[in-house]
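Work through the exercises below with the model open. Try each task before reading its solution.

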Amino acid sequence: MNMTATKIEIEAATTAASAAPVVAMTPKRPPRSEAYARMARETAVRVIPPLVVIALLTLVWELVCRRAGSALPPPSKVFKDTKELILDPFFDHGGIDKGLFWHLSASLQRVAFGYSLSAIAGIALGVLVGQSVWAMRGLDPLFQVLRTIPPLAWLPLSLAAFRDGQPSAIFVIFITSIWPIIINTAVGIRNIPQDYRNVAAVVQLNPLEFFAKIMIPAAAPYIFTGLRIGIGLSWLAIVAAEMLIGGVGIGFFIWDAWNSSHISEIILALFYVGIVGFVLDRLIAGLGKFVTRGTAQN
Amino acid sequence: MTAYLKLDHIDKIFTRGAASTEVLKDINLTIEKGEYVSIIGHSGCGKSTLLNIIAGLTGASTGGVLLENREVNSPGPDRAVVFQNHSLLPWLTVYENVRLGVDKVFAKTKSRAERDAWVMHNLNLVQMAHARDKRPSEISGGMKQRVGIARALAMEPKVLLLDEPFGALDALTRAHLQDSVMALHQKLGNTILMITHDVDEAVLLSDRIVMMTNGPSARIGEVLEVPLARPRKRLELATNATYLKCRQRVLEFLYERHRFVEAA
């Protein structure tokens, strides 16, 4: 945008100069500064309202919780109590006495593992269900029932099966996030326009080429919708699962803080959980946008 | 007359549960090599179904399609289709869309460099080489259809099937593209079968016009030879007696003898 605008401006300036050499016109430069100003305005419009709301909410929180005998700490106390944790997230005193970075990273590793498995299995099953009418008839009712089971309800069963916390947590992530991936992938596959199938038939793509060159790109917007819902659910499930299995992880950190009555630490951990969840969602959304550029609009 | 493409007693019956509709009845047609044949009829008469049967995308209920005396009943690049709504893959560039077919058809017979040159050659034929790295969403409807034609031509089809290729375009773009197709036909001598519902287009482009009766059970009502010399010039033909007579014949067929009856 900027480039063309400047170019046109230069052209206009030169033609004006050659047509009337007496008037020495210095090429004006307002558009660029104007563009910056506009960008700054747009950013301000987006950033200022949430900042104002956050400031107001913090103020209300402070006022409500500052009274003596209040059950929850005000923000000022939260900050004072958790300053060490905020400033040094990397300490490691052995056992479970670790900085928040290590807890978050342990949780993220579990999510990464479980979520990757569910992405692979989910897309594969989704393709199967989307492509084959018989697979859909057989599997869809099963999926519809299984997907309503709350994540934590799977935990005792997986603990019984794996006899260990780590694989159980990963299994809970897997089983939680797989359903939206399967269902959205299947819808995407079913919605591939007949035109694309005809093109593939005329060109005589074999099934593997059809899968890679037509199916996956055509269904990509749907697949990424499923992946995005899936990552959100994984992050929801991991915190709850870690509270029960113990060890290192942000969920366990919260539970541990509760047992030691460190309410401020719980609040800090909640902030981190929220921010990490937000970043994960944006990451998948951004990846989806990058991969499906050109596909979305036809 | 040597039959290059032969439609032999084709019937098509669609069944949905207990109900069945006969769409096409006893379609017989032979097309010579290098001929340009149009199939014209009201919408719903089954002309697109007929094209799909020839392309192998739909099976005939009885009868069959013979290409060079061999039966063809599955889709293949020897009967490349230019689809009505271009059907370019939106995630591929113009070049990649054409290359997709070229890579399959010439996988064994051409080297990578030759295939690349062949893709560019075909894009040049339709004057789209300049847009090779654009995506379909970045080019106009007429350009998309040009790329669709290039994709089909690049497969070196024995018969080129055009499914209302200009239907979705505005009148000016359509005229321009019709001229391009005429020039390509002149230059390459392809055998072309085109579905259309535009009388002028049919008369201008075709050697023969196949007129279909209304469905259900559509048949070939009449076949009209268009004895106009090539190359044909759109402006000169506007006052040409033969052209007008052919046009009149098709119009009479469509609007008097086989008037389109709206399904109540």
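**Exercise 1. Helix crossing**

Task: In this predicted model, find the handedness of the crossing of α4(A) and α11(A), then say which residues make the contact.

Solution:
- Step 1. Locate the helices. In chain A, α4 spans residues 100-131 and α11 spans residues 263-291.
- Step 2. Take the geometry. Their axes come within 12 Å and cross at roughly 35°. The crossing is right-handed.
- Step 3. List the contact. α4(A) brings A:Leu100, A:Leu104, A:Leu108 and A:Tyr115. From α11(A) come A:Leu268, A:Tyr272, A:Val276, A:Leu280 and A:Ile284.
- Step 4. Sort by class. Nine residues are nonpolar; no polar and no charged residues take part.

**Exercise 2. A pocket lining**

Task: Describe the second largest pocket and state which helix gives the most to its lining.

Solution:
- Step 1. Start with volume. The second largest pocket holds about 270 Å³ of space.
- Step 2. Go to the centre. The lining has 15 residues, and the closest to the centre are A:Leu85, A:Phe91, A:Asp97, A:Phe253 and A:Glu265.
- Step 3. Assign helices. α3 (75-87) and α10 (250-259) of chain A each supply at least two lining residues. α10(A) gives the most, with four residues.
- Step 4. Sort by class. The lining has six nonpolar, three polar and six charged residues.

**Exercise 3. The six-stranded sheet**

Task: Work out the strand order of the open sheet in chain B, and explain why one side of β6 and of β10 is left without a neighbour.

Solution:
- Step 1. Read the order. It is β6-β7-β8-β3-β9-β10 in chain B, with mixed pairing.
- Step 2. Look at the edges. β6 (81-82) and β10 (220-225) of chain B each have a single partner strand, so one side of each lacks a neighbour in the sheet.
- Step 3. Check one pair. β3 (residues 36-40) and β8 (residues 191-196) of chain B run parallel, joined by five bridges. B:Ile40 stands opposite B:Thr196 in β8(B).
- Step 4. Add the helix. α8 (residues 241-257) of chain B lies across β3, β9 (208-212) and β10 of chain B. Its angle to β10(B) is about 170°.

**Exercise 4. Partners of β1(B)**

Task: How many bridges pair β1(B) with β2(B), and how many with β4(B)?

Solution:
- Step 1. Take β2(B), residues 19-31. β1(B), residues 5-16, pairs with β2(B) in the antiparallel sense over nine bridges. B:Lys6 stands opposite B:Thr30.
- Step 2. Inspect the turn. The two strands form a hairpin with two residues between them. B:Gly17 in the turn has a positive phi of about 65°.
- Step 3. Take β4(B), residues 62-67. Its pairing with β1(B) is antiparallel, over five bridges. B:Asp11 has B:Thr62 as its bridge partner.

Notes
Residues are numbered from 1 along each chain as its sequence is written. Chains are lettered from A and ligands numbered from 1 in the order in which they are written. This is a predicted model: local features need pLDDT of at least 70, side-chain atom pairs count only at pLDDT 80 or more; totals for chains, interfaces and linings use all residues. Side-chain values use heavy atoms; hydrogens and water are left out. Axes are lines fitted to C-alpha atoms, for helices over the stretch in contact, and angles run from 0 to 180 degrees between N-to-C directions. A crossing is left-handed if the near helix is turned anticlockwise from the far one by less than a right angle, and right-handed if clockwise. Contact means heavy atoms within 4.5 Å. Ala, Val, Leu, Ile, Met, Phe, Trp, Tyr, Cys and Pro count as nonpolar, Asp, Glu, Lys and Arg as charged, and the others, Gly among them, as polar. On a 1 Å grid over the protein atoms alone, a cavity is a set of points where a 1.4 Å probe fits but cannot get out, and a pocket is an open set with protein on both sides within 12 Å along at least five of seven lines; lining residues have an atom within 4 Å of a point. Grid points are joined across faces, edges and corners, and a volume is the space filled by probe spheres set on the points. Two strands pair if DSSP finds at least two bridges between them.
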